[in-house]
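Please walk through the metal and ligand sites of this model. Start with the metals, then move to the bound molecule.

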Amino acid sequence: MPPTIDPARLRRRLEELAQIGRTPEGGVTRLSYRAEHAAAVRLAARWMGEAGATPGVDAWGNLHGLVPGAEAGLPPVAAGSHLDTVPNGGIFDGALGVVAAIEAAQALRDAGAHLARPLLLLGFAEEEGTSFGVGCLGSLAVVGRAPAPETIHDHEGVTVAALLRAFDPGVARVPLPPAMAAYLELHIEQGPVLASRGVPLAAVEAIVGIERAVFTFRGQANHAGTTPMDARRDALWGAADLVAQVRDLARGTEGRAVATVGRLSVSPGATNVVPGAVEMTVEIRSAEVPILETLRAAVEQAGRTSAGRYELGLEMTAWRAEPPVPLDGNVRASIEQAAGDLGWPIMTMPSWAGHDAKILCARAPAGMIFVPSDRGISHSPEEHTSWEDAARGAQVLCRTIERLAA
Ligand code: HGY
Ligand code: MN
Ligand code: MN
């Protein structure tokens, strides 16, 4: 019997994991290093044990589990994704890749598959960048690129170092094994392509570049009634102009870039006070470096123009830039062959979402498998992938691992 994943167990586990951090709207909020994350790590570690892996948590809260290989001294094939979510996110983003990797390990063991290589199961912390403004923090730590934990903090000023000291999921503290022969990640597409084309699978060819900066406009808080319109230095006027400029500049690239102002905070934030300061995030994404460079410069210029128009101060943080990354051609070929072995159609496409796989490329040949997102929705309680599509992705992951680890 070829290794066959158990769709019912996959669904049952994803639904159980989805209860951790459940929101009233039916979404999930699982922020790294808080209680929900510790509970998710504990649960996934138990499942890893049931699949024959020895679980551990590294110094950055990354969960890992090693299944021994038949031959000594070979670096493992790694498979997983992230356990954190955006606020009120969906139940598949990240979680599917972690649970499917565990499911694949269990199917391979139950079928007595002969894997020469060990299998390393992974559940990264802090991929979303929600809490500390650094995306893929857990996987950056694995490849030695994380900022020092005492230098990054959440919006209440609590440092990652302090949160890590208090983070105790009840799993042995063990460093991650250093080497990997390959890294595989099953993930929902989070966009509309597969669903609209009726294709059940994709092998990802590249992951877009993502650049983020914070713009702060400073004007003068003042009385909303007694301050004439021509005597105001309203910080929100500058920010509002920049929001529109960011939209128009990205639209002007005709699909070659996207840009988002995802967080904007007005202070003092009272109905009867002219805004004195506005802090807003700007994020741009493209698969093409020249586009990113041109867009970054144009956004900065738009910010300066808006600030000058309304006599505002403007502070811009340095852009935190992750360049576009091609994924490994051989790993992608193994994914396509695995889908072929199983008789399923598969296409190739870029990822407009960032993923831990982009970071792991620095450590090992990396590949990603996408399954469809219904209506292309993600980072929302409405995020949904059919259980049949989820199981199909897990089966292709299992077959790909078998190919790479045999
Ligand atoms: O933002 C992203 O692209 C990913 O979902 N963290
Ligand atoms: Mn994700
Ligand atoms: Mn996400």
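Which residues coordinate the manganese ion (ligand 2)? The model is a predicted one. In it, His82 and His187 each offer NE2 to the manganese ion (ligand 2), and Asp93 offers OD. These contacts run from 2.1 to 2.3 Å. Along the sequence, the donor residues follow the spacing H-x10-D-x93-H. His82 sits in strand 3 (residues 77-82), while Asp93 sits in the loop between strand 3 and helix 3 (95-110), so the pair ties together parts that are eleven residues apart in sequence. Both His82 and Asp93 are buried.

Now turn to the second metal. The manganese ion (ligand 3) takes its protein donors from Asp93 (OD), Glu128 (OE), Glu128 (OE) and His379 (NE2). They lie 2.1 to 2.7 Å from the ion. Here the donor residues are spaced D-x34-E-x250-H. Asp93 is in the loop between strand 3 and helix 3, and His379 is in the loop between strand 17 (366-371) and helix 11 (387-405). The two residues are 286 apart, and the pair links distant parts of the chain.

What bridges the manganese ion (ligand 3) and the manganese ion (ligand 2)? Asp93 does, and the two ions lie 3.5 Å apart.

How do Asp93 and His379 differ in burial? The cut-off for buried is under 20% relative accessible area, and exposed means over 50%. Asp93 has 6% relative accessibility, so Asp93 counts as buried. His379 has 41%, so His379 counts as partly exposed.

The bound molecule comes next. Which residues are around ligand 1? They are Glu127, Glu128, Gln190, Arg212, Arg285, Ala353, Gly354 and His379. This shell divides into one nonpolar, three polar and four charged residues. Glu128 and His379 are in this list, and both are also donors to the manganese ion (ligand 3).

Three polar approaches can be traced in turn. In the side chain of Glu127, an N or O atom is 2.9 Å from a nitrogen atom of ligand 1. Glu128 likewise places a polar side-chain atom 2.9 Å from a nitrogen atom of ligand 1. Gly354 uses its backbone: an N or O atom there lies 2.7 Å from an oxygen atom of ligand 1. On its own, ligand 1 has 220 Å² of accessible area, and the protein covers 93% of that.

Methods. Residues numbered from 1 in each chain as written. Chains lettered and ligands numbered in written order. Predicted model: local features only at pLDDT ≥ 70, side-chain atom pairs only at ≥ 80, totals over all residues. Heavy atoms only, no water. Donors = N, O, S within 2.8 Å, 3.2 Å for Na, K, Ca; no water. Helix = DSSP H or I, 4+ residues; strand = E, 2+ residues; numbered from the N terminus. Buried < 20%, exposed > 50% of the residue type's maximum accessible area, 1.4 Å probe, protein only. Near = heavy atom within 4 Å. Polar contact = N/O pair within 3.5 Å; in protein donor to acceptor, adjacent residues only side chain to side chain. Areas by Shrake-Rupley, 256 points an atom, 1.4 Å probe, with all protein chains shown as cover. Nonpolar A, V, L, I, M, F, W, Y, C, P; charged D, E, K, R; others polar.
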